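Trainee: I'd like a close look at one part only: the contact between chains, along with whatever feeds into it. Please take it slowly and give me the cut-offs as you go.

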Amino acid sequence: MPPDPWVLAFDTSAAHCAVALLAGKTRRVCRVDSMVRGQAEHLMPMLETVLAEAGITWRDLNLIAVGTGPGNFTGIRISVAAARGLALALAIPAIGVSGFDTLAHGQAGPLWSVIPARRGHFYARYDEGPITGVPLQLSAPELDQLTGQKLCRTDVPAETFVENIARVSLGRADRAQPRPAPLYVRPPDAAPSNITAPILLT
Amino acid sequence: MRSGVTCHQINWQDGVSMVKSVTILGLESSCDDTAAAVVRANGPEISVLASVVYGQTELHAPFGGVVPEIAARAHAEKIDHCVEEALDRAEVSLSQVDAIAVTAGPGLIGGVLSGVMCAKGLSAGANLPLIGVNHLAGHALTPRFTDGAVFPYLMLLVSGGHCQFLLVAGHDDFTRLGGTIDDAPGEAFDKTAKLLGLAQPGGPSVERAAKDGEATRFAFPRPLLDRPGCDMSFSGLKTALLRARNALLEAQGGLTAQDVADLSAGFQAAVCDVLTEKSRRALTLFKERHPDTPPLLAVAGGVAANGAIRDGLTALSRREGAGFIAPPLGYCTDNAAMIAWAGLERYRAGQFDDLTLVARPRWPLDSQSAPMLGSGKKGAKA
Ligand SMILES: Nc1ncnc2c1ncn2[C@@H]1O[C@H](COP(=O)(O)OP(=O)(O)OP(=O)(O)O)[C@@H](O)[C@H]1O
């Protein structure tokens with residue numbers, strides 16, 4: 001990795017396409033387009049515009065950073081699949097960064113990172129310094145019980161959020177990382193089959 | 001035809017002569033198989049350099065069918081591995097590939113999106129054209145690269161999610177002559193297996209059980225045979241099987257091995273009769289529309305693996321003076337070689353997409369005919 005690597009970070013875990021391009025620690029371009037749907041069609045052309053704005057091409061990139069959620073299941077798959085395809089074609093690493101790691105970036109002391117989920121619930125993780133907790137799903141009343149503790153919530157601007165995805169990935173780029181994978185927290189909804197096999201008579 | 005083996009020569013029929021060889025990477029993730037393949041055309045010579053399929057049967061086994069969210073999760077984390085393996089096995093690097101073809105629908109949207117986004121990443125990163133392929137076109141064009149089929153021909157597509165007759169007149173020219181108005185036969189085989197306590201996927205296990213069975217013991221219906229046309233229905237057959245099973249359970253408290261065999265044989269015979277008779281009518285329509293072409297019936301989809309159904313269709317074709325093509329099983333069920341192939345046909349025609357390519361849950365092949373309500377275990381698709 002060169003001293004000031006080009007890092008392209010993107011996130012579609014919420015109602016947006018958020019993109020940040022950094023040269024080393026310097027932010028070069030950052031763009032957020034809000035949308036509830038249509039990220040799959042919008043993301044790649046948007047990435048190309050961002051590269052063009054900085055006067056570089058795909059081949060100049062050194063690192064891909066991608067938001068892995070938690071968040072909208074389809075949204076996090078869109079970015080993760082695109083990041084994997086790009087990494088393969090460009091032969092550069094793609095690093096997945098969770099929303100919790102992104103929110104906790106640069107924060108000191110014990111804290112809860114909180115991300116809105118569906119149906120009035122929240123995804124949350126409690127960290128004490130470098131020791132990160134297990135991601136949980138909390139109801140609104142459960143979240144209320146955390147008052148008095150330090151909370152980091154996704155009401156940070158999406159620009160800051162996606163820029164921090166890039167910064168977290170930079171901190172990990174010196175060692176081999178697993179391929180980016182969505183962080184769902186919630187298991188898939190699936191009901192076991194309701195057909196019971198008949199008794200076999202002999 | 002195994003991967004790596006050159007197959008039939010193709011008669012392109014389009015007057016375009018290709019000076020250089022063309023290599024297409026194909027991706028497929030529309031249902032419960034993650035697949036990637038590399039196909040090359042060298043003049044009229046077609047070879048599948050690699051075809052890799054990662055199945056998901058075990059992931060869905062505890063549930064009543066394919067669970068869309070489980071499928072989507074698996075595709076998103078497997079598709080790039082699958083591509084890497086296909087390129088490795090083909091001993092081809094992306095720089096030697098001419099275009100990326102990907103299933104853009106119809107299918108389970110979470111899976112389709114994973115494939116489409118990975119393909120977009122590959123296309124952008126490797127600076128290669130992107131080609132969105134209709135999954136059903138992939139199935140329908142398979143006899144071209146496996147057996148050198150020449151347009152026009154009649155296609156019976158029969159799988160877990162589909163059942164339709166297509167008149168294939170060109171790589172982008174499909175007319176649906178009829179199809180299921182409810183379930184697909186593969187789905188009915190799977191449900192039957194579940195009801196009889198046989199293993200999933202149901203097709204092979206029901207076929208095995210049927211070998212020792214007496215097909216005439218239960219009088220199962222042949223739905224829609226009394227009506228003209230090529231439409232089919234299989235949900236009534238499913239219900240009839242359920243009733244017959246429940247009657248036995250009530251009377252005896254369980255099923256004997258002979259009961260299971262007879263129910264399987266009766267069910268399979270009914271599906272076979274419906275498919276054979278409707279294929280006869282579809283062939284008649286084909287002959288009417290193309291009186292000067294030697295008729296050709298081709299079949300694809302997982303249910304085409306069924307020996308009794310194959311035998312029925314083979315005999316029918318002989319009686320009707322038609323040719324019959326059943327591609328090797330690995331190219332009948334979901335695979336990416338057929339997507340790469342369909343992409344190759346589009347490549348020749350200069351039909352490309354860009355990075356805004358849309359993933360579509362529904363995408364009828366034949367835009368002229370009314371949309372089918374026929375669904376299957378994967379939900380309505382086309
Ligand atoms: N020997 C057989 N006899 C009958 N049905 C079979 C046999 N072997 C497989 N099948 C059925 O074929 C189906 C799987 O086929 P296939 O992989 O082509 O399609 P699919 O997964 O339903 O996808 P799609 O509809 O998207 O093409 C299953 O329902 C299975 O039970």
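Mentor: Let's begin with a term: a salt bridge here is a side-chain nitrogen of Lys or Arg within 4 Å of a carboxyl oxygen of Asp or Glu. Some ground rules: this is a predicted model, so local features need pLDDT of at least 70 and side-chain atom pairs count only at pLDDT 80 or more, while totals for chains, interfaces and linings use all residues. Residues are numbered from 1 along each chain as its sequence is written, chains are lettered from A and ligands numbered from 1 in the order written, and side-chain values use heavy atoms, leaving out hydrogens and water.

Now the interface itself. Chain A brings 39 residues into contact with 45 residues of chain B, contact being heavy atoms within 4.5 Å. About 3300 Å² is buried between chain A and chain B, and carbon and sulfur atoms give 68% of that; buried area is the accessible area (1.4 Å probe) that two parts lose on being put together, summed over both.

On the charged side, there are four salt bridges between chain A and chain B. One of them joins Asp80(B) to Arg84(A), with 2.9 Å between the closest N and O atoms. Polar contacts link 11 residue pairs across the two chains, both residues at pLDDT 80 or more. (A polar contact is a pair of N or O atoms within 3.5 Å; within protein, one must be able to donate a hydrogen and the other to accept it, and residues adjacent in sequence count only if both atoms are side-chain atoms.)

Which elements of chain A supply at least two residues each to the side that touches chain B? They are α1 (39–53), α2 (73–90) and β11 (200–201); helices (H or I, at least four residues) and strands (E, at least two) are DSSP runs, numbered from the N terminus. The largest share, 12 residues, comes from α2(A). By class, that side of chain A has 27 nonpolar, four polar and eight charged residues. Ala, Val, Leu, Ile, Met, Phe, Trp, Tyr, Cys and Pro count as nonpolar, Asp, Glu, Lys and Arg as charged, and the others, Gly among them, as polar.

β11(A) also pairs across the chains: it runs parallel to strand β10 (residues 255–256) of chain B over two bridges, and two strands pair if DSSP finds at least two bridges between them. Within that pairing, Leu201(A) has Thr256(B) as its bridge partner.

So what sits behind those helices? Chain A has an open, mixed sheet of five strands in the order β3-β2-β1-β4-β5. β3 (26–34) and β5 (94–97) of chain A are at the edges with a single partner strand each, so one side of each has no neighbour in the sheet. From one strand to the next the twist averages 15°; axes are lines fitted to C-alpha atoms, for helices over the stretch in contact, with angles from 0 to 180 degrees between N-to-C directions. β2 (residues 16–23) of chain A and β3(A) run antiparallel, joined by eight bridges, and Leu21(A) stands opposite Val29(A).

Both helices pack on this sheet. α1(A) touches β1 (6–11), β2 and β3 of chain A, its direction making about 25° with that of β2(A). α2(A) touches β1, β4 (63–67) and β5 of chain A, at about 170° to β4(A).

One last detail: Pro70(A) is in the loop between β4 and α2 of chain A, and the peptide bond leading to it from Gly69(A) is cis, with omega near 10°.
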